[in-house]
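Q: Could you pick one part of this model and take me through it up close? I'd like to hear what's packed in, what's sticking out, and how it fits with whatever sits around it.

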Amino acid sequence: MASGLHAMLRTTPGITIVSAEQQPEVTIAVADDSSLLDLLSTFTTSRLVLIADELRQAELWTAIEHGLVVLVPRAQAATRSRLLQAISDARGGRGDLPPELLGAVLRGLKQLHETTLGPRELTLSGLSLRETQIVRLLADGLDTAEIAEQLIYSERTVKNVLHNLLTRLDLHNRAHAVAYALRHGLI
């Protein structure tokens, strides 16, 4: 199937086929009957189009960890227009999963929150409610004393929360924390 995809795409305007060493913008992987987990371990991409059928839960999560944004069932991948749409979606940062897998992802995110994030007072955004409040106030230009007064915390608590946030996310300073939160849509 891979050689057929190569032949189908090599003459398509706007698509350049490169080797994996060249860090492609979008990677297309075809899962065959061998181990999908072994295939996925070879990729470190931010945008993966995977052509596969019937992923198990562990395979789905591993694919997401390796950059999965579009999953195309094998039967649909033979259609040039479907494949070009998948590439376009991946390139544009749009995800596309079959409905039955989307439900599994949503259930998995809920379980992740309940078992891992919630007990650590984190949200799916990666910030705790307290961290989010403090970074929002930083973005509004408040200093430590003003944040402490508004949230009814001690200044030491505000400083500790900021220190823990900066350390955990490997950020350099308060301005970097605000920029990070803005870039990632957290505030």
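A: What follows is a close look at one helix, then at its surroundings. This is a predicted model, so take it as such: local features need pLDDT of at least 70, side-chain atom pairs count only at pLDDT 80 or more, and totals for chains, interfaces and linings use all residues. Numbering runs from 1 along each chain as its sequence is written, and side-chain values use heavy atoms, with hydrogens and water left out.

The helix is H8, residues 144-151 (helices are DSSP runs of H or I, at least four residues, numbered from the N terminus). Its buried residues are Thr-144, Ile-147, Ala-148 and Leu-151 (buried is under 20% relative accessible area, exposed over 50%, partly exposed in between; 1.4 Å probe, protein chains only). Look down the axis of H8 and those residues fall within an arc of 100 degrees, so they line one face of the helix (the arc is that of the directions from the helix axis to the C-beta atoms). That fits the usual geometry: an α-helix has 3.6 residues a turn, so residues three or four places apart point the same way. Over on the other side of H8, Glu-149 and Gln-150 are exposed.

Now the two ends. At the start of H8, Asp-143 has a side-chain oxygen that gets to within 3.2 Å of the backbone nitrogen of Ala-145. Just after H8, Ile-152 takes a positive phi of about 60 degrees.

As for the neighbours, the buried residues of H8 pack against helix H7 (129-139), helix H9 (155-168) and helix H10 (174-183). Elements H7, H8, H9 and H10 each give two or more residues to the largest nonpolar core (a set of buried Ala, Val, Leu, Ile, Met, Phe, Trp, Tyr and Cys residues joined through side-chain atoms within 4.5 Å). That core has 19 residues, and Ile-134, Ile-147 and Val-158 touch the most other members. H9 gives the most to this core, with 5 residues.

Ile-134 meets H8 directly: leaving aside neighbours within four places in sequence, its contacts include Ile-147 and Leu-151, along with Tyr-153, Val-158, Val-161 and Leu-162 (contact means heavy atoms within 4.5 Å). Helix H7 also holds Arg-136, which counts as partly exposed at 45% relative accessibility. With neighbours within four places in sequence set aside, Arg-136 is in contact with Leu-186 and Ile-187. Arg-136 and Val-178 are 42 residues apart in sequence, yet 7.6 Å apart in space, C-alpha to C-alpha.

Technical notes. Polar contact = N/O pair within 3.5 Å; in protein donor to acceptor, adjacent residues only side chain to side chain.
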